Each structure stands twice: as structure tokens, then as C-alpha cells.
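Colleague: I would like a close look at a single helix and its setting. Take it residue by residue where that helps.

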Amino acid sequence: MRKNIEAEMQPMQFPFVEISGGPRDRGRQYGAFASARIARGIEHYLAQFSACGLDTASIRRHVESYLPRIRDFAPTLVEEMEGIAEGAGVEFESIVLLNARTELLHEARVVANRQREKEEPDGCTGVVILPQASATGQLIHALNWDWKAECASTSVVVRIRRDDGPDVLTFTEAGAVARAGMNADGLAVTANYIESDQDFRKPGVPLALVRRKVLEAETYAQAIGVIASTETLTSNNLILSHRDGVAIDFECAPAETFAVYPTDGMIVHANHWTSVAGLAKYKDTGILTTPDSLYRDHRVRERLLLKGGKISKADLVEALRDNFGDPWSVCRPPRPNPYGALTATVAMLVMDSTAGTMELTPLPALNTKSSTYALSGDPAMAA
């Protein structure tokens, strides 16, 4: 079965689109370019909703319940999402669904009376190497994104030319406004799944919109302000770096944020809480579905420490390819999880915010070919 699954997966480089103009124009350009991938993503998540017993009218009601808080948080992003829907030729509610899929999938499971421990975690292993530990003296920010293997065929890279702030380069599921990325002012952000016993109790802003607003910040302080002041439905972990050599990991409960600072010149974070203050207030419930998290970050950190403070990009990529515990490894091959979903490390992402470049490797457990995308100049180069 393992060989059959791998044979059926054919890693393809992620398509790139540059968008510009006002929010609605940007959205239309994005939607038109990525319409096929957006349609596949919508179909995939609608099938999950249907499996939970929700019909189209029920889905629409759930989506509409999110619109007031999304409009309050970022009205220009609502306009951009409206443009995406127009460009892709789909309903606006479907684009909201893609941007709030974490929150809406939980609500669907509640309707279906499913147990929380049967939810599928959006895992990751995130790393930042500070200049003092880097072989080149430049900060490196990286991520292995573990999620549904199908997302390798529904994700895109978007370069956003903005008149109202720094340009943004983001890797995301097609139709979503952001996932991981960097901006022209030197900020970079990645996200990791974490969970607490206080999640899913009060409505909050969808995570995709929080990440995009972080990427629209002009200063590190403004980005921190977005993270610390925004209430969400669920916990999440954000690693925020700046090309000048600063990085902080933020373990976020729905209404509270805890800073975790680098040690040994690096941050390594998987999918469990590490903040002493956070653990004193919240129970880590995510460890029930991601027990492998407890060794994944340790494996990466130990491999990088062996480099003696002279860590190269190649060293980091090698560490992120660690396959101990296969298939629940740092670099995860496509495998059915205990609940039937096909999960994998969808992409390995390595960002150099000094150079303004993002290197992406789709399905890295099966593939070594990557492409490098840039904030300016040539859009993409295959490696």
C-alpha cells in the first residue's frame, strides 16, 4: 500500500502569480489565475463538510456567521476575497470557507457530534536560524508544513504588489489570503498547529487573515501587535522573524499570547506547547493527536547543534528531511492517518528575508526538486 500511494503522488512545482492594484483588482487577478486549484480546494473541503452531515444551506450559515468579525478585522481583505471569488467564478462564501477552513471544519465536526480527538491536526515543524548561528551570518526561516497531501495540488505562491504597504510573498492554499511568507520590510512568518483546553469556546478571527495582516505590517512591533491583540477561535503558534536578526516564537491561546525566545541561536517548534507560563494556565490537548511532536523538534534541534554554530541552508534542509519515526517523522511521506485522511509534509519552505527569496520543495519525502520564488525580479527559478 505504501508503494502504491507514493507511485500515485507526482510532485509538481507550485504555480506563481503576481497581483497588483487595489484589493478587489488583486483578488480578481489571483482568482482568475488560480481558478482550477481554488475549485479543487473548495471541492475537497465541501466533501468534508458533507461527510459531517452539512448541506449547502448549513455551510452558508456557518460562513455568514464569520463575516461580521472578518469585516471588522480587515475590511480590505474582505474586498480582496470578493475579488478572488469573482476572478475564480465561484461564490464568495466558498472563498471565506477556504480562509476559515480550520474554524469551520471544527464547527462541522461539532454538528456531526464527532470527538475532538478524531480531528486531523494541521501539523508543522518550524525553524529559525539566527545570524550568530548561521554559516553565512544571515537569518534563515524554514518550515515543514504537514497537512492533507492533496494540498500539494491546491497550493500556490502569490506575490502581492501593494500601494498601501510593503509587498508580500506568500505560500498558501489557493484562494486563501496567506499562510507562510515574508514582506519587503524584512518580516517573515510561519505557523504551527497547537491546541489547548480553552479552544473553540468563543468566536474569533480566522487564522489565515491574522497571518496576512502580520505580513502587511511595516515594522516588527506592528506585527507583534497584530499577534498579541487578535482573538482567535483556536490556539496557534506563530514564528515571527526579521532579517536584521530578530526572531520570537509566539504560542497563542485564543485570547492570550506567550513569547518563547531563541536558545543556542535558533528557534525550533513543532506542535506542542513549550512556554512554562502557557503550560501553567492551559492544558496541551493537541498532544493527543500529535504525539510525534515531542521528538520532531528535538530531532531537528540536536542535528543542527552538531554543526557548532555554523549552520548552512543545506544543513537545515538535511535536518528537515529527518525520517526517524516514519511515517510520523519530521519529513512525512503521504500516509493515511488513523482517521482515514491522507496526510504528508506538503511542502518544505526555506526563506531568506535578506535576499527576499523563498525556496519551496513540494512533497519533500518523495522529491528533492525545489523552486525559488522572489519578492522582486524573476518570479521563480527551478533548482
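Modeller: Below, one helix comes first, then its neighbours and the sheet behind some of them. The model is predicted, so local features need pLDDT of at least 70 and side-chain atom pairs pLDDT 80 or more, while totals for chains, interfaces and linings use all residues. Numbering starts at 1 along each chain as its sequence is written, and side-chain values use heavy atoms, without hydrogens or water.

Start with helix H5, residues 75-88 (helices are DSSP runs of H or I, at least four residues; strands are runs of E, at least two; both numbered from the N terminus). Its 14 residues should span 20 Å at 1.5 Å a residue, and its end C-alpha atoms are 20 Å apart, so the two agree (expected span: 1.5 Å times one less than the number of residues). Just after H5 comes Gly89, with a positive phi near 70 degrees.

Next, burial. The buried residues of H5 are Leu77, Val78, Glu80, Met81, Glu82, Gly83, Ile84, Ala85 and Ala88 (buried: under 20% relative accessible area; exposed: over 50%; partly exposed in between; 1.4 Å probe, protein chains only). Their cover includes H2, helix H3 (35-51), H4, helix H6 (92-99) and H8.

Ala85 deserves a stop. This residue of H5 has a relative accessible area of 4%, so it is buried. Leaving out residues up to four places away in sequence, Ala85 touches Val90, Glu91, Phe92 and Ile95 (contact: heavy atoms within 4.5 Å). Gly27 lies 58 residues from Ala85 along the chain, yet their C-alpha atoms are 7.7 Å apart.

Now H4, residues 56-73. H4 and H5 pack at about 120 degrees, their axes 5 Å apart (axes are lines fitted to C-alpha atoms, for helices over the stretch in contact; angles run from 0 to 180 degrees between N-to-C directions). The two helices are therefore oblique to each other (under 35 degrees is roughly parallel, over 145 roughly antiparallel, 65 to 115 roughly perpendicular, the rest oblique). From H4, Ile70, Arg71, Asp72 and Phe73 make the contact; from H5, Pro75, Val78, Met81 and Glu82 do. That contact holds 5 nonpolar residues, 3 charged ones and no polar ones.

H2 and H8, both part of the cover on H5, lead to the sheet. It is open, with 8 strands in the order S1-S4-S5-S6-S7-S8-S9-S10 and mixed pairing (two strands pair if DSSP finds at least two bridges between them). Strands S1 (16-19) and S10 (256-260) are the edges, each pairing on one side only. From one strand to the next, the twist averages 20 degrees. Helix H2 (residues 23-33) packs on this sheet, where it touches S1, S4 and S5; its direction makes about 160 degrees with that of S1. Helix H8 (residues 207-215) packs on the sheet too, touching S4, S5, strand S6 (180-183), strand S7 (187-192) and strand S8 (236-242); its direction makes about 160 degrees with that of S7.

S4 and S5 are touched by H2 and by H8. S4 (residues 155-160) pairs with S5 (residues 168-173) in the antiparallel sense, over 6 bridges. Within that pair, Val158 stands opposite Thr170 of S5.

One last residue sits on the way into H8. Phe200 is in the loop between S7 and H8. Its phi is positive, near 60 degrees, in a residue other than glycine. Phe200 has a relative accessible area of 17%, so it counts as buried.

Key: Ala, Val, Leu, Ile, Met, Phe, Trp, Tyr, Cys and Pro count as nonpolar, Asp, Glu, Lys and Arg as charged, and the others, Gly among them, as polar.
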